[in-house]
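Here's a quick walk through this one, written for someone who'd rather be at the bench. Have a look at the sequence and the fold first, then read on.

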Amino acid sequence: MAKLEILTYPNPVLREISAPVTKFDAQLKTLVSDMLETMYEANGIGLAAIQVGRPLQLLVIDTRPRDEENRRYAYDEMTDLEKQIEQPLVLINPQIVKGYGSTTFDEGCLSIPSFYETVKRFEKIDMKAQDVNGQEFTFTADGLLAICIQHEMDHLAGTLFIDHISFLKSNKIKNTIKKNGYPTPEELKEQKKKKTAETQKA
Ligand code: CO
């Protein structure tokens, strides 16, 4: 297994359209395990292949609560539907068959670290995808898992969460990144500490 480099906005590769996976071979399995390692290392809950520079319709997802620091903000517990789905989840050539209702969530992205904005998504989705062996499967998801899947599916079309928010907010984030870059890992830790302290106060 190997940790891969996660591309960050404004890298133009993130805007590429991902192609369907056609070869379910050993190379694909290696990419999947490398992506899982990369996602866990970065404390992420989802990662699309394009975020590591591979324009393939492949997502890895794990929204299970991991530790106190990575608790599921706004979702204390997994829903009954989420509990039925085995994670980590590997979705190849995924499709949203049907979406129901709507919900909002403060989304972040490993490719736009340290920025969060409220994005509107379907509350529940019927999904169709293939597994790492090419076997097709279907399932229904809600809760954080459904939000995460929709966020990751966007990456396959070159879309980022900042494309879903107001022009004003999106421009503010883009300009901040272009002007100051991203916070260093140390600065991020400080921010996180502050945020945790604030949440505990509330
Ligand atoms: Co993302």
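## The cysteines

Let's start with C109, which counts as buried at 9% relative accessibility. Keep in mind that this is a predicted model. C148 is buried too, with a relative accessible area of 4%.

So how many disulfides does the chain have? The count comes to zero. A disulfide is a covalent bond between the sulfur atoms of two cysteines, and to be counted here the two sulfurs have to lie within 2.5 Å. For C148, the closest cysteine sulfur is the one in C109, and at 10.0 Å that is too far for a bond.

## Helix α3 and what follows

Is helix α3 enclosed or open? Helix α3 covers residues 143–156, and 14 of its 14 residues are buried, so the rest of the structure largely encloses it.

Just past the end of α3 sits G158, with a positive phi of about 75°.

## R15 and its contacts

R15 belongs to the segment before α1, the helix that spans 26–41. With 35% relative accessibility, R15 counts as partly exposed.

Which residues does R15 touch, if you skip its neighbours within four places in sequence? They are Y9, G158, T159, L160 and D163. That list brings back G158, the glycine with the positive phi just after α3. There's also a C-alpha to C-alpha distance to look at: R15 and I50 are 8.8 Å apart in space, with their positions 35 residues apart in sequence.

## The whole chain

Zooming out, the chain has five helices and seven strands. Reading from the N terminus, the order is α-β-β-α-β-β-β-β-β-α-α-α. The radius of gyration is 17 Å, close to the 17 Å the globule rule gives for 202 residues, so the chain is as compact as a globular protein of that length. Along the principal axes, the C-alpha atoms fill a box of roughly 45 × 35 × 35 Å.

Of the chain's 202 residues, 42% count as buried. If you take contacts between residues at least 6 apart in sequence, 70% of them join residues at least 24 apart.

## Surface and charge

The accessible surface of the chain is about 11200 Å², and carbon and sulfur atoms account for 51% of that. As for charge, there are 26 positive and 30 negative ones, and their mean positions are 5 Å apart.

Technical notes:
Residues are numbered from 1 along each chain as its sequence is written. This is a predicted model: local features need pLDDT of at least 70, side-chain atom pairs count only at pLDDT 80 or more; totals for chains, interfaces and linings use all residues. Side-chain values use heavy atoms; hydrogens and water are left out. Helices (H or I, at least four residues) and strands (E, at least two) are DSSP runs, numbered from the N terminus. The radius of gyration is taken over C-alpha atoms; the globule rule is 2.2 Å times the number of residues to the power 0.38. Buried means under 20% relative accessible area, exposed over 50%, partly exposed in between (1.4 Å probe, protein chains only). Contact means heavy atoms within 4.5 Å. Accessible areas come from the Shrake-Rupley method with a 1.4 Å probe; for residues, only the protein chains shown count as cover. Lys and Arg count as positive and Asp and Glu as negative; His and the chain ends are not counted. The place of a charge is taken as NZ of Lys, CZ of Arg, CG of Asp or CD of Glu.
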